[in-house]
Amino acid sequence: MAERMGFFTDTSICIGCKACEVACKEWNDVPDDGFVFRATSYDNTGSLGANTWRHVAFIEQQRPVRQAGGQSQGQAGSQDQSQEQAGHGQVSSQGQGQDQSQEQAGQGQAGQVSGQGQGQADGPGPDSIERWLMSSDVCKHCTHAACLDVCPTGALFRTEFGTVVVQEDICNGCGYCVPACPYGVIDRRERDGRAWKCTMCYDRQLGGLEPACAKACPTDSIQFGPLDELRLRAEERVERLHEEGRPEARLYGASPDDGVGGDGAFFLLLDEPEVYGLPPDPVVTTRDLPTMWRWAGGAAVSLVGAMAVSFVAESIVEKVTGRAGARGSHRGSVREALRTIDRGQSGHGAVVREALKMVDRGRTGTRGSHRGWGR
Amino acid sequence: MGALMREDAMVPEAEFRSYYGQPVIKAPVWHEPHMPVYLYLGGLSGAASVMAALAGLTGRDRLALTARVTAAVGATIGAGFLTAELGRPERFLNMLRVFKPTSPMSMGSWILTAHSGLTTIAAASAVAAALPAATSKITTTLPAASAITALLPAAGDAAVLATAVTGSLMATYTAVLLADTAVPAWHEAHRELPFLFAGSALASAGAAGMLATPRVEAGPARAVAALGAVMETTAGAVMERRLGLVGEPYQLGRAGRLMRAARVLTAGGGLLATVAGRSRTLTALSGLALTAGSLCVRFGALEAGRLSAADPKYTVVPQRQRLEAGKPASVPAQP
Ligand code: SF4
Ligand code: SF4
């Protein structure tokens, strides 16, 4: 395998221009996303999907405004509203409002909103945007990729660059990779029934070119290169931002010790990952697969056990209730006779009577009409 | 959608942040009725084949015949539903080009292939034995067929024994199929889901046995149905209790209605099975209730998975709690 290649997306210098989205669509011939106006922010595509391989998240954050008594502004409304506000970096109040909102104000707005009183009751109005967060999201090309693990056709494979790619001529559209991805990246395109996602421009890489998005990015927010180098560069960048008084800068997906063994495409973020729509602590689902099979094995054994118990119990019940007189007769003949009875009960009264007589007489060597089981 | 679900939330609201309330993970793309019906038929076929083996071993020929035919029909129609679910059905066989232990779907397609083949042989031999007149007509007009019919009984008996293994896997692997995803309500339920599905499979196979076997011979089927109902009900109750917040989708909205309906139908059908005895009406009621209950469980589980994926709360909150407890996720060297 050649050197593992990756993306380092430094969101602190992203300007939200979406050149990456366009370049990706152009190069990879990705169909349109449906032209939906989401009315939440300057986000045009909403999320990654079969037809969106680069997605620029756009977050408008308002400064947390608290009224007297530690209530966040606008909290009277439904939970939906508080969720919305959470999305804007505000804090919902219930229970723990005060501490948290102060902490977040300190953390999220450091270096941008200096010297604003933390506890004041009146602040900027609801439409006063304090900062914009922009981040170009992409497939993470996980070290332990759930999509690849669960793909039953082998359509998803690991390339010589350490990236994860779908072979469109193999994929049968089973859709299993879709809910398996802990980041919600890959999706099935219902138009052609197959799964699609970022290939990190496998074809361009084979030709010695950098991926289209990285090439098009005007600020170098998207950097492409050998993963080891990118990680070092990212560490330095975070340190510099911290020195510049932006303690909220943090790396996401850079550690090989996380739940997916580290991302091939990692990020520098300025807020919690979930604010960008990223899972805060993702884990590759197949990590727990051995445990899952063990529990399923236990259930399979229980199923056979329950079945066996049912048959044994039924035989005992039949013996005890139906044929009490049979007890005490010769064992072998009883069993044989009981089988005869079982079979005879479907309507042959004579056979039953005959068998019962045989049982009563305790005769050995009774032969039923048993012809072997199951036929 | 979010607002609707919250109205009847049972766990105290959790604090979390998100990207405009959008989901973090993708919801399963599997369709209704294909996927849940496949899950039901797979369970029915799997448990029925185990029933066929035991009925054969204990000399209950009539029940064995029912069970063998149920197993074969369930597996065949189930495979049809599974294929129809694919985005590219004509590429179904692509799943047999690899054998991939990390993919429950890959293992499942091998289990299904083996199971449907074996149940077909078992059913064919049972049907041939049950219809000796038809068999002899075929062998006289087609002499070549006589060699096959001579082999059938032995092949059928061997096959039915093997289906006891493939069948028990068939009824439970589908739980791993769901659990091996990032969907919180499925993944976190990986302990109870197999028992929920196994119980539901037992109940549905018992129901089929009761409905399609003369009542005097259906005693074991009634016992199977009742035990299955107990297993399903217990597993469901344990699951919802243990999961807490993550298990909420099983109680909310349409998923909640389906799961509650399943619980009532299964418990009712199971109770009826114990008293149905030789009553035609009670047997029919019990069998139908159990079948409906088993179907409701599968539709409910799929719907709960969708809900669980659609609300970022279920993804973000447990992960946040993990981080705040200082126990971030990690992977052992090679999973
Ligand atoms: S699991 Fe998701 S993020 Fe990771 S490689 Fe697969 S599609 Fe990309
Ligand atoms: S949809 Fe295609 S790529 Fe995804 S798991 Fe199925 S076969 Fe593999």
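A residue counts as buried when its relative accessible area is under 20%. In this predicted model, Val183(B) has a relative accessibility of 0%, so Val183(B) counts as buried.

## Val183(B)

Val183(B) sits in a loop of chain B, between helix α6 (143-179) and helix α7 (184-187). Leaving out residues up to four places away in sequence, Val183(B) touches Ile25(B), Pro28(B), Gly305(B), Ser308(B) and Ala309(B) of chain B, and Pro179(A) of chain A. A place in the sequence and a place in space can be compared for Val183(B) and Ala133(B): the two are 50 residues apart in sequence, and their C-alpha atoms are 54 Å apart.

## Two buried serines of chain B

The table sets out two serines of chain B, each with its helix and its relative accessibility.

| Residue | Helix of chain B | Relative accessibility |
|---|---|---|
| Ser45(B) | α2 (residues 34-57) | 0%, buried |
| Ser109(B) | α4 (residues 104-130) | 2%, buried |

Which residues does Ser45(B) touch, not counting residues up to four places away in sequence? They are Ala71(B), Gly74(B), Ala75(B) and His115(B). Ser45(B) counts as buried because its relative accessibility is 0%, and the limit for that class is under 20%.

The value for Ser109(B) is 2%, so this serine counts as buried as well. The side chain of Ser109(B) reaches the backbone oxygen of Ser106(B) at 2.8 Å. With neighbours within four places in sequence left aside, Ser109(B) is in contact with Met95(B) and Leu96(B).

## The interface of chain A and chain B

How many residues of chain A are in contact with chain B? The number is 115, and they meet 103 residues of chain B. Between them the two chains bury about 8,900 Å², and 58% of this area is on carbon and sulfur atoms.

Polar groups also pair up across the interface. There are 41 residue pairs in polar contact, with both residues at pLDDT 80 or more. The side of chain A that touches chain B draws at least two residues from each of several elements, including strand β2 (54-62), helix α3 (97-108), helix α9 (289-322) and helix α10 (331-344). Helix α9(A) gives the most to this side, with 21 residues. Sorted by class, the side of chain A that touches chain B has 46 nonpolar, 42 polar and 27 charged residues.

Charged side chains form salt bridges here: 6 are found across the interface of chain A and chain B. In a salt bridge between the two chains, the side chain of Asp281(A) meets that of Arg322(B), with a distance of 2.8 Å from N to O.

## Chain A and ligand 2

Chain A has 11 helices and 12 strands. Of its 375 residues, 58% count as buried. Among contacts in chain A with a separation of 6 or more, residues 24 or more positions apart account for 64%.

Ligand 2 is surrounded by residues of chain A. Among them are the cysteines Cys151(A), Cys171(A), Cys174(A) and Cys177(A). Other residues around ligand 2 include Pro152(A), Thr153(A), Leu156(A), Val166(A), Asn172(A), Gly173(A), Gly175(A) and Ala195(A). How does this shell divide by class, and how many of its residues are charged? The shell around ligand 2 has 8 nonpolar residues, 4 polar residues and no charged residues.

How values were computed. Residues are numbered from 1 along each chain as its sequence is written. Chains are lettered from A and ligands numbered from 1 in the order in which they are written. This is a predicted model: local features need pLDDT of at least 70, side-chain atom pairs count only at pLDDT 80 or more; totals for chains, interfaces and linings use all residues. Side-chain values use heavy atoms; hydrogens and water are left out. Helices (H or I, at least four residues) and strands (E, at least two) are DSSP runs, numbered from the N terminus. Buried means under 20% relative accessible area, exposed over 50%, partly exposed in between (1.4 Å probe, protein chains only). A polar contact is a pair of N or O atoms within 3.5 Å; within protein, one must be able to donate a hydrogen and the other to accept it, and residues adjacent in sequence count only if both atoms are side-chain atoms. Contact means heavy atoms within 4.5 Å. Buried area is the accessible area (1.4 Å probe) that two parts lose on being put together, summed over both. A salt bridge is a side-chain nitrogen of Lys or Arg within 4 Å of a carboxyl oxygen of Asp or Glu. Ala, Val, Leu, Ile, Met, Phe, Trp, Tyr, Cys and Pro count as nonpolar, Asp, Glu, Lys and Arg as charged, and the others, Gly among them, as polar. A residue is near a molecule or strand if one of its heavy atoms lies within 4 Å of it.
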